[in-house]
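Subject: Structure handover

Hello,

Here is the structure you asked to take over. My notes on it follow below.

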Amino acid sequence: MPIYLVEGICHIKMSVEVERKFTCNPDTLKTLEKIGVCVGHHQFHDQYFDTPTFDLTLRNMWLRKRKGCWELKCPTTQSVNSTQNSSGQQSKAGLCTQYNELTNLHEIHQRVIEVINAVCEERGTKPIQLDLEESWVQNANLVCFAEFTTIRQSFALKGEGVNVDLDQADFGYQVGEVEVVIPKGGDVQAALEKIENIAKKLGLNPHERVLGKMDVYLKKNNPEHLATLKRMHVL
């Protein structure tokens, strides 16, 4: 995924992330080491932001700051009209998910302000006018609701166009992710088939839905937020 840094701002073409989470046991890891190549270990710190009334996450939009760069994950067009969980659109088996990924700060700023102003209109309050400046997060009344560090081991599967990550979060949760990233408008079905193929090679349970890091973090640290998201069928 090509990323460019210009004057401290991260830029990337719009992409769609198709992903399946899994539980990694010793047998799974052994198989992964046979069919893939470890491309590195790294650590990163994530901060997630929302308004005090959860205006972004209740719309399945996840604003994150990682390594000094802003990222926004939001539902694809298809996922808006389908059953969702915290990671976007579900596959037929309910195991794979889709998300639009934005890392261009100007696009993120625009999308966030659009959502907040739509909420203002619904509530009959005055819309906000924000310039893209250092204090835009504070001026938009965005607060950090989740913050944690992850140690990640990454594998590339040659010839498959698939990445596999093994994550260990600092709040005691481990999870694996099989991921395919495609350009916006790309062949989602082909991505799903690639993930299903790798899942079979890894011997993953074809019926097991594995929780993401955010699900577990909120259960431990912000159960009220989690309950609200579940009540609104976001999680």
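**Nonpolar cores**

The largest nonpolar core has 21 residues, and those touching the most other members are Val18, Leu32, Val164 and Val178. Please keep in mind that this is a predicted model. At least two residues of this core come from each of β3 (15-22), β10, β11, β12 and α5 (188-202). The largest share is that of α5, with 7 residues.

Leu32 gives some detail on how this core is put together. Leaving out residues up to four places away in sequence, Leu32 touches Phe155, Leu157, Val164, Leu166 and Leu202. Another core lies apart from the largest one; it has 19 residues, including Trp62, Tyr99, Val210 and Leu226. As background, nonpolar side chains in soluble globular proteins tend to be buried together.

**Aromatic pairs**

How many aromatic pairs does a search of the whole structure find? The search returns 8. In one of them, the ring centres of Phe148 and Phe171 are 5.2 Å apart and the planes stand at 80°, so this pair counts as edge-to-face. The two residues are 23 apart and link distant parts of the chain: Phe148 belongs to strand β10 (residues 143-157), while Phe171 is in the loop between β11 (162-169) and β12 (174-183). Both Phe148 and Phe171 are buried. Ring pairs also join Phe148 and Phe171 with Tyr48, Trp62, Phe145 and Tyr217 in a cluster. Trp62 thus has a place in this cluster and in the core of 19 residues.

**Strand β6 and its partners**

Strand β6 covers residues 69-74, and 6 of its 6 residues are buried. Cys69, Glu71 and Lys73 point one way from the strand, with Trp70, Leu72 and Cys74 pointing the other way. The charged-residue names in that list, Glu71 and Lys73, are buried along with the others.

β6 has a partner in strand β5 (residues 62-66), to which it is joined by 5 bridges in an antiparallel arrangement. In this pairing Trp62 is opposite Lys73. The hairpin of β5 and β6 has 2 residues between the strands, and Lys67 there has a positive phi near 55°.

β6 also pairs with strand β9 (residues 96-102), again in the antiparallel sense, over 3 bridges. Here Lys73 is opposite Glu101. Lys73 therefore has Trp62 across from it in β5 and Glu101 across from it in β9, by the definition of strand pairing used here.

**Cysteines**

How many disulfides does a search of the whole structure find? The count is 0. Buried means under 20% relative accessible area, so Cys74, at 2% relative accessibility, counts as buried. By that cut-off Cys120 is buried too, with a relative accessible area of 11%.

**Thr51**

Is Thr51 buried or exposed? Its relative accessibility is 6%, so Thr51 counts as buried. Thr51 is located in the loop between β4 (37-50) and β5. A polar contact of 3.0 Å connects the side chain of Thr51 with the side chain of Asp55. Setting aside residues up to four places away in sequence, Thr51 touches Ile116, Ala140, Asn141 and Leu142.

Regards

Definitions and conventions:
Residues are numbered from 1 along each chain as its sequence is written. This is a predicted model: local features need pLDDT of at least 70, side-chain atom pairs count only at pLDDT 80 or more; totals for chains, interfaces and linings use all residues. Side-chain values use heavy atoms; hydrogens and water are left out. Buried means under 20% relative accessible area, exposed over 50%, partly exposed in between (1.4 Å probe, protein chains only). Helices (H or I, at least four residues) and strands (E, at least two) are DSSP runs, numbered from the N terminus. A disulfide is a pair of cysteine sulfur atoms within 2.5 Å. A polar contact is a pair of N or O atoms within 3.5 Å; within protein, one must be able to donate a hydrogen and the other to accept it, and residues adjacent in sequence count only if both atoms are side-chain atoms. Contact means heavy atoms within 4.5 Å. Rings of Phe, Tyr and Trp (its six-membered ring) pair if their centres lie within 6.5 Å; planes under 30 degrees apart count as stacked, over 60 as edge-to-face and the rest as tilted. A nonpolar core is a set of buried Ala, Val, Leu, Ile, Met, Phe, Trp, Tyr and Cys residues joined through side-chain atoms within 4.5 Å.
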